Amino acid sequence: MYDKKIRIASIGAGMIGRVHAEILARMEQCDYSGLADVDLDTRKTASALGVKYYEDYREMIDRERPDGVVVSVPNELHATIGCFCMEQGVNVFMEKPIASTIEEAERLVRSASENNVKLLIGHHRRFNPMVVATRELIRKGELGDIVAISVLWGMYKPDEYFDAGPWRKKKGGGPILINTIHEIDNLRFIYGEIERVYAEVSNKTRKFEVEDTVSLTVRFKDGVLASVLMTDTVPSLWAYEATMGENDFFYHTKGDIYHFLGSKASLTFPGMVKVYYSDPKKMGWQYPLTTEQLNIRSRNPYPEQMKHFCRVINGEEQPRTSGEDALRTLCVTLAILESVEKRNPVTIEY
Ligand SMILES: NC(=O)c1ccc[n+]([C@@H]2O[C@H](COP(=O)([O-])OP(=O)(O)OC[C@H]3O[C@@H](n4cnc5c(N)ncnc54)[C@H](O)[C@@H]3O)[C@@H](O)[C@H]2O)c1
């Protein structure tokens with residue numbers, strides 16, 4: 001229970017901003033007071049949710065004086081809007097990626113520290129109980145020492161997706177920056193820090209300027225390897241968004257997208273089937289394997305993320321994805337693009 005309601009405002013009511021706005025309007029932990037968007041149509045959304053509409057986010061911050069603000073605007077505006085709010089002493093939830101460039105991300109991190117406010121970045125998958133449980137299981141050593149991880153992601157992005165945003169066909173719009181960044185953050189959150197990446201890409205199918213397919217080799221700092229294969233041009237059962245059901249927009253499928261391979265046991269995800277030899281004296285490819293179904297369910301992470309933001313503002317929790325942490329995910333993702341450019345493995349400089 002909260003003694004005092006946290007005052008929250010939000011900026012941006014597009015695809016994801018609307019999701020946050022609806023959650024905030026229902027949350028008992030906060031008093032959702034204002035919604036700002038340059039698109040005047042947002043007036044209708046604001047009125048339906050019972051919050052005050054502002055065209056100019058600066059005016060909203062000035063009038064509402066919120067404790068925290070939820071920012072869901074295009075990536076290139078993250079640094080300007082985020083820094084403005086923090087300079088006014090407002091705690092910031094910023095959608096992922098933290099920013100488009102390392103320099104802008106560093107500005108945000110510096111601003112949070114200089115203005116003594118909290119900065120939380122929206123890597124929402126970290127709030128899915130299945131992701132959290134897998135991380136804990138691995139950290140407790142239930143799979144033994146992790147040896148390798150595989151990630152498979154295949155979806156079919158329809159023509160209208162590219163017609164609505166022609167930038168998605170050009171540099172800066174490919175699946176590495178839009179989709180691989182999520183897998184990188186998951187790998188870092190679940191397993192640990194990444195040391196080196198090497199990527200091969202192809203645009204053989206769509207023939208756009210950007211890649212439609214990427215094959216990525218990841219080396220973690222402790223020598224564990226991961227193999228990531230992603231394409232946005234195939235019908236497939238295997239993609240995080242499809243199998244986890246976090247967003248109803250995507251057709252829901254069943255299929256395993258990650259395999260965690262450990263010295264004592266392996267685990268499928270999200271199937272959560274653990275595979276091992278039940279008799280440790282009989283370990284070997286000629287012996288039977290035991291399969292065990294773990295009972296952990298996926299849950300919508302977006303409301304959990306907003307509740308966490310309120311607790312962060314209240315000083316009860318530290319940001320699950322701090323600015324520094326999200327900056328490291330951005331560094332790895334940009335290193336993947338550098339590897340493509342240089343046709344070489346790239347060691348990450350954090
Ligand atoms: N975590 C997730 O699941 C998830 C999903 C989608 C997008 N995102 C991230 O959220 C951010 C927004 O993406 P989106 O898909 O919602 O984009 P969008 O284009 O659908 O929405 C952006 C909104 O920002 C508004 N806007 C632009 N400039 C503004 C300004 N100066 N002041 C106020 N409002 C302004 C636009 O009018 C628009 O309504 C991006 O950083 C994206 O990477 C995260």
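This tour moves through a predicted model from its domains to its central sheet, its ligand shell and a few individual residues.

**Domains**

Begin by colouring the chain by its domain assignment. Domain 1 takes in 6-125 + 302-319, and domain 2 takes in 129-298 + 331-347. Four residues from domain 1 and seven residues from domain 2 make up the contact. On the side of domain 1 that touches domain 2, the classes are two nonpolar, one polar and one charged. If the C-alpha centres of the two domains are marked, the separation between domain 1 and domain 2 reads 29 Å.

**The six-stranded sheet**

Next, display the open sheet of six strands, whose order is 3-2-1-4-5-6 and whose pairing is parallel. Select its edges, strand 3 (52-54) and strand 6 (119-122): each has a single partner strand, so one side of each has no neighbour in the sheet. Viewed along the sheet, the twist from one strand to the next averages 20°.

Now select strand 1 (residues 6-11) together with strand 2 (residues 30-36). Six bridges link this parallel pair. Within the pair, Ile-6 faces Cys-30 of strand 2.

Add helix 1 to the view. Helix 1 packs on the sheet and touches strand 1, strand 2, strand 4 (68-71) and strand 5 (91-95). The direction of helix 1 makes about 160° with that of strand 1. Then add helix 2 (residues 42-49), which also packs on the sheet, where strand 2 and strand 3 are touched. The angle between the direction of helix 2 and that of strand 3 is about 160°.

**Strand 5**

Isolate strand 4 and strand 5, a parallel pair with four bridges. Val-71 stands opposite Met-94 of strand 5. In a regular strand, side chains point alternately to the two faces of the sheet. Is strand 5 covered on both faces or on one? Asn-91, Phe-93 and Glu-95 on one side are buried, as are Val-92 and Met-94 on the other, which leaves both faces covered. Counted along the strand, five of its five residues are buried.

**The ligand shell**

Select the residues around the ligand. Which of them come nearest? Of the 21 residues there, these are Gly-12, Gly-14, Met-15, Ile-16 and Glu-95. Glu-95 is also one of the buried residues of strand 5. Helix 1 (residues 15-26) supplies the largest share of the shell, with three residues. Coloured by class, the shell shows ten nonpolar, seven polar and four charged residues.

**Arg-125**

Centre the view on Arg-125, in the loop between strand 6 and helix 6 (129-139). Is Arg-125 buried or exposed? Arg-125 has 23 C-beta neighbours inside 10 Å and therefore counts as buried; the cut-off for a buried residue is 20 or more. Apart from its neighbours within four places in sequence, the contacts of Arg-125 are Val-131, His-182, Asp-185, Asn-186 and Pro-301. For a longer view, draw the distance from Arg-125 to Val-71: their C-alpha atoms are 17 Å apart, with their positions 54 residues apart along the chain.

**Two cis peptide bonds**

Select Lys-96 and Pro-97, which are joined by a cis peptide bond with omega of about -10°. Pro-97 belongs to the loop between strand 5 and helix 5 (102-114). Then move to Phe-269 and Pro-270, where a cis peptide bond has omega of about 5°. Pro-270 is found in the loop between strand 12 (265-269) and strand 13 (273-276).

**Two residues with positive phi**

Remain at the loop between strand 12 and strand 13 and select Met-272, which lies there. Its phi is near 55°, a positive value in a residue other than glycine. Met-272 is partly exposed, with 19 other C-beta atoms within 10 Å.

Finish at Lys-207, in the loop between strand 8 (194-202) and strand 9 (213-220). Phi of Lys-207 is likewise positive, near 60°, in a residue other than glycine. Why does Lys-207 count as exposed? Lys-207 has 8 C-beta neighbours inside 10 Å, and the limit for an exposed residue is 12 or fewer.

Conventions
Residues are numbered from 1 along each chain as its sequence is written. This is a predicted model: local features need pLDDT of at least 70, side-chain atom pairs count only at pLDDT 80 or more; totals for chains, interfaces and linings use all residues. A residue is near a molecule or strand if its C-beta atom, placed from the backbone, lies within 6 Å of it. Ala, Val, Leu, Ile, Met, Phe, Trp, Tyr, Cys and Pro count as nonpolar, Asp, Glu, Lys and Arg as charged, and the others, Gly among them, as polar. Domain bounds come from an automatic or database domain assignment. Two residues are in contact if their C-beta atoms, placed from the backbone, lie within 7 Å. Two strands pair if DSSP finds at least two bridges between them. Axes are lines fitted to C-alpha atoms, for helices over the stretch in contact, and angles run from 0 to 180 degrees between N-to-C directions.
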